[in-house]
Amino acid sequence: TTSVLSGCASNTPVDSVDSSDDSKVYEFKFGHAADENNTWHKGAMKFAEEVEKRSEGRIKVTVYPSEMLGNEIDNVTAIQAGTADMVLSGESLQNWANKVGIMSTPYLIKDSEHLKAVIQSEAGEIIENEIYEKAGLKVLTYFERGPRMLSSNKPINNINDLNGLRLRLPNVPLFVETWNHWGARPTPMAFSEVFTGLQQNTIEAQENPLALMHSGGFYEVQKYINNTAHVRGWIYMLIGVDQWEALPDDLKQVMEEAAQVAQEYEHQLFLEGEEEIFNSLINEKGMEFIETDTSEMISSAEEYYQENLDAELLELYNLIKNV
Ligand code: 2Q2
């Protein structure tokens with residue numbers, strides 16, 4: 001590598017990693033929670049393919065679906081320890097970086113336009129920096145997600161039906177707080193344990209975008225989709241900061257370009273899939289759609305946040321609200 005001393009013959013900046021050693025092959029292990037039919041996996045595979053092509057084989061990414069590298073939290077820990085390199089993650093990073101939880105606050109993001117604007121705004125930048133500083137992960141790109149819906153075996157017509165509901169949530173403190181406030185009995189659990197939990201009735205409900213319910217086969221163990229649409233969110237494609245910083249500049253650029261291609265590819269699949277997935281769940285898989293009255297969920301969440309969010313979260317909450 002270039003050092004201050006050896007660099008004096010040229011004007012090459014010394015603060016960048018030397019890219020002349022192009023024989024080194026960088027190998028990255030990329031894990032995520034969805035299975036192979038999900039657009040997350042297709043997007044991740046597209047990324048791997050583009051990276052390999054554009055780097056002429058100098059970077060090799062292997063994608064591990066279905067929590068094969070461990071559940072989301074363990075996958076992040078493995079990246080920090082250097083035994084894994086990449087992951088799809090988002091609000092669960094609140095466990096390392098408090099502010100990140102705000103990206104999926106129930107009923108905060110209004111729609112797809114708002115979501116994109118938030119990601120590109122100061123709030124998005126604050127969240128990405130927080131992930132970098134506190135979770136040790138660098139954002140490469142993001143995938144937009146469909147609205148999170150509550151699935152269950154009894155119809156949820158309004159907030160009263162949430163009372164005592166044994167509900168699985170991902171390990172996101174802000175989610176747990178909000179559902180507790182709505183009267184449910186939430187348990188944080190890894191995604192890979194949800195199907196069995198529902199089958200064995202240790203939990204009776206879960207919430208996710210339709211795409212994950214469909215690819216995870218939850219229609220086999222859940223009867224109703226309740227139109228709660230309580231979270232509009234997204235997921236980041238992330239690489240460990242150490243792994244990122246070790247890359248020469250030309251390969252960093254390759255990673256960023258490939259991430260962009262994967263983002264556009266996944267987004268197209270996401271848009272095409274939304275309606276198809278809904279129709280499949282209702283017409284083929286026999287789930288029933290309930291038009292939940294969410295008005296009290298919305299107003300009680302808003303009241304809860306104004307009174308209970310800590311100062312830095314409340315500031316970010318209001319910032320996002322006004323994007
Ligand atoms: O239910 C899940 O496990 C996913 O949809 C999670 O929302 C997702 O993995 C987030 O917790 C992202 O950090």
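How many bridges join strand β6 (residues 166–169) to β8, and do the two run parallel or antiparallel? In this predicted model, β6 and β8 are joined by two bridges and run parallel. Within the pair, L167 of β6 has A205 of β8 as its bridge partner.

The confidence scores of the prediction are as follows. The protein chain has a mean pLDDT of 94, with 93% of its residues at 70 or more. Residues 1–14 have pLDDT below 50, and this stretch makes nine contacts in the model beyond near neighbours in sequence. The ipTM is 0.97 and the pTM is 0.92.

The pairing of β6 with β8 belongs to an open sheet of six strands, ordered β7-β6-β8-β5-β9-β11, in which the pairing is mixed. The edges of this sheet are formed by β7 (185–188) and β11 (288–290); each has a single partner strand, so one side of each lacks a neighbour in the sheet. Ignoring direction, neighbouring strands are turned against each other by 35 degrees on average.

Within this six-strand sheet, strand β5 (residues 148–152) stands between β8 and β9 in the strand order. Strand β5 is joined to β8 (residues 205–209) by five bridges, and the two strands run antiparallel. In this pair, R148 has P209 of β8 as its bridge partner. The pairing of β5 with β9 (residues 224–231) is also antiparallel and comprises four bridges. Here S151 is placed opposite I225 of β9. Strand β5 is mostly covered, with five of its five residues buried. Its side chains divide between two directions: R148, L150 and S152 point one way, whereas M149 and S151 point the other way, and all are buried.

A second open sheet consists of five strands in the order β2-β1-β3-β10-β4, again with mixed pairing. Strands β2 (59–64) and β4 occupy its edges; because each has a single partner strand, one side of each is left without a neighbour in the sheet. The twist from one strand to the next averages 25 degrees.

The partner of β4 (residues 137–144) in this five-strand sheet is β10 (residues 234–240), to which β4 is joined by seven bridges in an antiparallel arrangement. Two positions illustrate the register: V139 has L238 of β10 as its bridge partner, and Y142 stands opposite Y236 of β10. Six of the eight residues of β4 are buried, so the strand is largely enclosed by the rest of the structure.

Two helices lie across strands of the five-strand sheet. Helix α2 (residues 72–81) lies across β1 (26–31), β3 (86–89), β4 and β10, and runs at about 145 degrees to β3. Helix α9 (residues 249–284) lies across β1, β2, β4 and β10, and runs at about 20 degrees to β4. Strands β1, β4 and β10 are thus crossed by both helices.

The ligand is surrounded by A33, E72, S89, G90, E91, S92, P170, V172, F191, N208, L212 and I235. By residue class, this shell comprises six nonpolar, four polar and two charged residues. Several of its members fall within elements described above. E72 belongs to α2, S89 to β3, N208 to β8 and I235 to β10.

Note on methods: Residues are numbered from 1 along each chain as its sequence is written. This is a predicted model: local features need pLDDT of at least 70, side-chain atom pairs count only at pLDDT 80 or more; totals for chains, interfaces and linings use all residues. A residue is near a molecule or strand if its C-beta atom, placed from the backbone, lies within 6 Å of it. Ala, Val, Leu, Ile, Met, Phe, Trp, Tyr, Cys and Pro count as nonpolar, Asp, Glu, Lys and Arg as charged, and the others, Gly among them, as polar. A residue is buried if 20 or more other C-beta atoms lie within 10 Å of its own, exposed if 12 or fewer, and partly exposed in between; C-beta atoms are placed from the backbone. Two strands pair if DSSP finds at least two bridges between them. Axes are lines fitted to C-alpha atoms, for helices over the stretch in contact, and angles run from 0 to 180 degrees between N-to-C directions. pLDDT is the predictor's confidence in each residue, from 0 to 100. Two residues are in contact if their C-beta atoms, placed from the backbone, lie within 7 Å.
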